[in-house]
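Visitor: I should like a close look at a single part of this structure, namely one helix and how its residues are placed. Please continue from there into the interior and the aromatic pairs.

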Amino acid sequence: MSDGTATQTTDLDVRLEKHRVELTGYCYRMLGSSFEAEDAVQDTMVRAWRSYDKFEGRSSLRSWLYRIATNVCLDMLTAGNKRARPMDLTESTPLAQAALSPRPDNTWLEPMPDSRVLPTTEDPAEAAVAKESVRLAFMAALQQLPPKQRAVLILREVLAWRATEVAELLGTTVASVNSALQRARATLAEQQQPGAEATVSDPLDDEQQKLLDRYVAAFEGYDMTALTALLHEDAIMTMPPFDLWLTGHDDIAGFMTTLGSACEGSRLVPVQVNGLPGFAQYKPDPEAGGYTPWAVQVLEISDGRLTGFHFFLDTKRWFPLFGLPLHLEAETDQIEEGV
């Protein structure tokens, strides 16, 4: 390879990489899976690299990459699998009937670190829209849309593309794009997604930060009275891959002291996940000492109370994704926040 060709290749790699985070966010919204999104972006990059000599520059490189990414996602969605949360699949279970029944990994909507899907922006309004569009409730709503409507809604409403740009990307007409957008909006308006009312300022305001501080103190101290005081009376708790979900602070606190009692003595490390505050939960490791990963927690806040907290338990997958260690020493007082 000549120096000139090597330079061109390196330059193309750099230009493609500049779009990785936003493309990952787009594919994540389309697919509902952290790992499938990263696979889709990698496939997009490989396809772009291999066919760059056919790129004629009639659109921007960014638009061309989005076209490739859209086709990759639509191909992946032909299997028809819709990622879901436990409350999208079953009724709430009373504590007295609680049982931990897992479902396959591809059932569940997956968590995602903010840093992998939210590009840096100087525009607060743009940043707010981006964060809202990866929250679990909105992500769950997107999964209810047919794939092409999903793409249209994300491109128009989240990424603020013009209808003409979306029509060109999808190889269709502006009228078809507008019709798909109307149908998508109507479907979302009909849905009552638990967690949709969650309101978190960016950055957290003083009251929200105090609420999180009290939550950490209550959870690490396993003080159910203090924890109950922080929960909305209709708060929801989920634990994928189990399809069980609980509603109401009494059942949640009751679960924590029965089936969930192994969480006593846990440590919480803050993470930014799905545009919401969250924590990596480590529980005591009786064999090796210190603490072992147990869950990535995603918290939903509304009107000064916790309205939802979601425990994603597949730690061998989630903790590396967040850049978190797979063990904490007992004497560790603090570790850096995960990516």
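Guide: In this predicted model, the buried residues of helix H3 are Ser34, Ala37, Ala40, Val41, Thr44, Met45 and Ala48. Viewed down the axis of H3, these buried residues fall within an arc of 140°, so they line one face of the helix. Asp39 and Arg50, on the other side of H3, are exposed. The helix itself runs over residues 34–51, 18 residues in total. From the first C-alpha to the last, H3 reaches 26 Å, close to the 26 Å expected at 1.5 Å a residue.

H3 also takes part in an aromatic pair, through Phe35. The partner is Trp318 in helix H15 (residues 315–321), 283 residues apart from Phe35, and the pair thus links distant parts of the chain. The two rings are stacked, with 5.5 Å centre to centre and 25° between the planes. Their accessibilities place them in separate classes: Phe35 counts as partly exposed because its relative accessibility is 25%, whereas Trp318, with a relative accessible area of 4%, is buried.

Helix H15 holds a further aromatic residue, Phe319, whose partner Tyr282 lies in strand S4 (residues 276–284). Tyr282 and Phe319 are 37 residues apart, and this pair too links distant parts of the chain. Its geometry is edge-to-face, at 5.1 Å centre to centre with 85° between the planes. Tyr282 is buried, with a relative accessible area of 0%, and Phe319 is likewise buried at 0%. A search of the whole structure finds eleven aromatic pairs. Ring pairs also link Tyr215, Phe219, Tyr222, Phe279, Phe309 and Phe311 into a cluster.

Two residues of that cluster, Tyr215 and Phe311, lead into the interior. The largest nonpolar core has 101 residues, and those with the most contacts inside it are Met30, Tyr215, Met237 and Phe311. Helix H4 (residues 61–76) gives the most to this core, contributing nine residues. Setting aside residues up to four places away in sequence, Tyr215 touches Leu227, Leu230, Leu268, Phe279, Gln297, Leu299, Leu306, Phe309 and Phe311.

Met30 belongs to helix H2 (residues 20–31) and counts as buried because its relative accessibility is 0%. Apart from neighbours within four places in sequence, the residues in contact with Met30 are Cys73, Leu74, Leu77, Gln143, Pro147, Arg150, Ala151 and Ile154. The C-alpha atom of Met30 is separated by 34 Å from that of Asp206, which is 176 residues apart from Met30 along the chain.

One of the contacts of Met30, Cys73, raises the matter of disulfides. Cys73 is buried, with a relative accessible area of 0%, and the closest cysteine sulfur to its own is that of Cys27, at 3.5 Å. Cys27 likewise counts as buried, at 0% relative accessibility, and its sulfur has that of Cys73 as the closest cysteine sulfur. A disulfide requires the two sulfur atoms to lie within 2.5 Å, so the 3.5 Å between Cys27 and Cys73 is too far for a bond. The count for the structure comes to zero disulfides.

Definitions and conventions: Residues are numbered from 1 along each chain as its sequence is written. This is a predicted model: local features need pLDDT of at least 70, side-chain atom pairs count only at pLDDT 80 or more; totals for chains, interfaces and linings use all residues. Side-chain values use heavy atoms; hydrogens and water are left out. Helices (H or I, at least four residues) and strands (E, at least two) are DSSP runs, numbered from the N terminus. The expected span of a helix is 1.5 Å times one less than its number of residues. Buried means under 20% relative accessible area, exposed over 50%, partly exposed in between (1.4 Å probe, protein chains only). The arc is that of the directions from the helix axis to the C-beta atoms. A nonpolar core is a set of buried Ala, Val, Leu, Ile, Met, Phe, Trp, Tyr and Cys residues joined through side-chain atoms within 4.5 Å. Contact means heavy atoms within 4.5 Å. Rings of Phe, Tyr and Trp (its six-membered ring) pair if their centres lie within 6.5 Å; planes under 30 degrees apart count as stacked, over 60 as edge-to-face and the rest as tilted.
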